[in-house]
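Biologist: Please take a close look at the internal cavities of this model. I would like to know where they lie and what lines them.

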Amino acid sequence: MRFLRKAGNVVKQTGLTENEVQQRKSQGLQNNYEENATKSTKAILYDNIVTLFNFLNLIIGICLFLVGAYTNMFYLVIILTNICIGIYQEIHARNLVQKLSIVNQQKVKVLRDGKEQAINPTELVMDDTVIMHAGEQIAADMNVLSGFAEVNEAMLTGESDLISKTAGNELLSGSFLTSGEVVAKVVRVGADNYATKLASEAKVHKPFNSELVRAIRKVSKFTSFIIIPFGILLFLEAFFFRTSGIKTSVVVSAAAVLGMLPKGLVLLISIALTTGVTKLAKKRILVQDMYSIETLAHVDTLCLDKTGTITEGNMRVTNIHPISNDIDVQSLLGSYLAQSTDNNVTMQALRDYFPEADRYASLDVLPFSSDRKWGAMALEDFGVVYLGAPEKLIAAEALPAQVALAQEEGLRVLLLAVGPGSKVPEEKENLTALAVIEIEDVIRRNAEETLAYLYNEGVELKVISGDNPITVSNIARRAGLPNFERYIDLATCETDQQVIDAAQQYTVFGRVAPHQKKLLVQSLKNAGRTVAMTGDGVNDILALREADVSIAMADGDDATRQIANLVLLDSDFTSLPEVVFEGRRVVNNVTKVSGIFFIKTIYSFLLSVICLLTATAFPFIPIQITLIDLAIEGYPSFFLSFEGNKERIKGKFLPTALRAAVPNALLVVVNVLVVSLLARNNNWAHMDTTTLMYYLLIGISCLAVIKACLPLNPLRIFLIVTTVGGIYVAAMLFHSILEIGLLNAGSFAIFIGMMILNAVGYIFLSKTLPHPAANKQAGAKFFH
């Protein structure tokens, strides 16, 4: 049985009986509600498999299979590889978060049948009697039956001030006891808990934001409108007008429409991002959405929480100013701390600085209260010692000068004072100051360098906190945050519109409610910004869900970890530049080589139109396109994507990629037309014509590889040599599979002459075409 003193009477608590527990479980009154915000395996499989891009490729593959063109189906390996990478990465990240949640789960102590038991939080039932001690998290909403405690509700409200709880007060799930001990009764469980209701406002799935994926989808959407009608028309033309036979008709039609889909680029993006995920995992950064790496590289506004982000969430004594040299402050405070039950972060900082002592025995104790802002202890042979906020202990005019100086620096100040008596009086009086203690909220190591780096890289920084804005502003100043003096107390905002207007004007936001955090993020996004936000509590969930990139701390609330794009496993935001670097590497490198992939998309479309108008066959077949996919698009791009690149991202991906591809695509079309004209006038054999066209296609594509490798370095020279040499060797070795022949002397001479002209034409076109920076719509209009 449990006894606690309440208002002078002894209150006995026995808790529920086992029968009562089972009865409540049968009624569904158990704390086992779990709203898992992570995606299910079924949802992950569906999102990675059921896409328009995969559907189009599958239809083409089925057609090739039905006519027995099996060698031309090799391109499906690329599609399957891309699907597997996406599924593996998402499932792996989800499982890591679930394991992290299990590790952080703590037991709770309950009274049942008059005995104390330690159970999992999910085993709690309605009306359970729970014993809570300092340092424990509240697992369900409860009402205090007896005892006294100080509670930190920062996870729920964002405000770090401690709240006193006594009999009759409510304890909210998700908050922490920082001092004291209480016996409480469970009044809400599962979905009815305050924290659960707050978390449930965030939808289960958050769509990812990726410029690279949007570009691919835009291309896929465009091609989806033309692939099916083009494929049908090309097939009908080949089968009925040229009487080519069903297999040949399907193969040439498939080659035309397959070339319009940038299969290799989709795979390259997945590989580049997955590589980034792996590299960041080694640096203790869990990426749950691999596309968020790319998005963070585009972020221009970062919203930071104060506690746990800029600061470590710990306090540290920085200085002590004795008022009188006659008092041994060390032994006095040591005796106070040794006999005090207070366990908030301030008392922990004092215990780290002052060793406990036994010089003075305690006669009476009054615990610290956040309402009165002080605690007291009557010490034998000394008097009543008071510890707390200076302005609450002594009149302002009598305060030592050190108090004002420290407060101006944004430090927390405690005053140690003494009064007469051997018992703590109900009303303090005639106090004498003994010492001023300066305490600071510890700025996270490397925080100043990190903030400076982000600011210099064009990222505007906003600090959003539930604490006093003046305190937050001073901490921001100590961390070197630009514009720290521009702060506002959002508790003074009476309407949502005032909060929205404040988003653009201020840097530091204090006394921010959870729904106001969401409004701030929405306002910034509506202004055209790409917003990232860090958070660790339930009060951050709505804003995290709204941000373009959400970043959670591993030691924060489980719900925030589940919905976040990134989880910092060391809860250290100073690792964010590493994510930015990875994002820039991916975007810059993919953009640099993307022109190689869109060459095929553009020339396939143009040649298909020409073939329909002239009733001629598409000049290439799928297996020939697949070799180019692997050797020219895949091989050099794969290695170039690993190169470091921390430069700021410039321009839009799709216009830049299309502009880079247009010169090569136009040259391919011109070369096909010229060779077709030469073949018709000179009665060349079909094999000789096809062979020369394919060799010229390889050469023109290699020009794009050479350009992507500029400026040259040993790796890039190696890639150029092996790409050009390797694909021509492969074409000659596997010419029978590719359905081409070998160049004879005459064809070789024509090939060399045309490649010289192609090189000159490529240089001319590259310099002549408008750049996307001058016209952002250049090239992109092609897809509208």
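Modeller: What follows describes the cavities, their linings and one residue that touches the lining of one of them.

The model is predicted, so local features need pLDDT of at least 70 and side-chain atom pairs count only at pLDDT 80 or more, while totals for chains, interfaces and linings use all residues. Residues are numbered from 1 along each chain as its sequence is written, and side-chain values use heavy atoms, with hydrogens and water left out.

Rolling a probe the size of a water molecule over the atoms shows where empty space is left. Here a cavity is a set of points, on a 1 Å grid over the protein atoms alone, where a 1.4 Å probe fits but cannot get out; lining residues have an atom within 4 Å of a point. Grid points are joined across faces, edges and corners, and a volume is the space filled by probe spheres set on the points. Searching the whole structure gives two cavities of 30 Å³ or more.

The largest cavity has a volume of about 50 Å³. Its lining consists of Ile-596, Ile-599, Lys-600, Tyr-603, Ile-628, Ile-632, Glu-633 and Ser-701. Helix H22 (576-614) and H23 are the elements that give two or more residues to this lining; helices are DSSP runs of H or I with at least four residues, numbered from the N terminus. H22 gives the most, with four residues. By class, the lining has five nonpolar, one polar and two charged residues, where Ala, Val, Leu, Ile, Met, Phe, Trp, Tyr, Cys and Pro count as nonpolar, Asp, Glu, Lys and Arg as charged, and the others, Gly among them, as polar.

Asp-629 is also in H23, which spans residues 622-640. Asp-629 is buried, at a relative accessible area of 3%; buried means under 20% (1.4 Å probe, protein chains only). Beyond its neighbours within four places in sequence, Asp-629 is in contact with Ile-78, Lys-263, Lys-600 and Gly-634, contact being heavy atoms within 4.5 Å. Of these partners, Lys-600 is one of the residues lining the largest cavity.

The second largest cavity holds about 30 Å³ of space. Phe-620, Val-668, Asn-671, Val-672, Met-693, Leu-696, Leu-697 and Ile-700 line this second cavity. Two or more lining residues come from each of helix H24 (653-682) and helix H25 (686-708), and H25 supplies the largest share, four residues. This lining divides into seven nonpolar, one polar and no charged residues.

Note on methods: Buried < 20%, exposed > 50% of the residue type's maximum accessible area, 1.4 Å probe, protein only. 1 Å grid on protein atoms, 1.4 Å probe; cavity = no way out; pocket = protein on both sides within 12 Å on 5 of 7 lines; lining within 4 Å.
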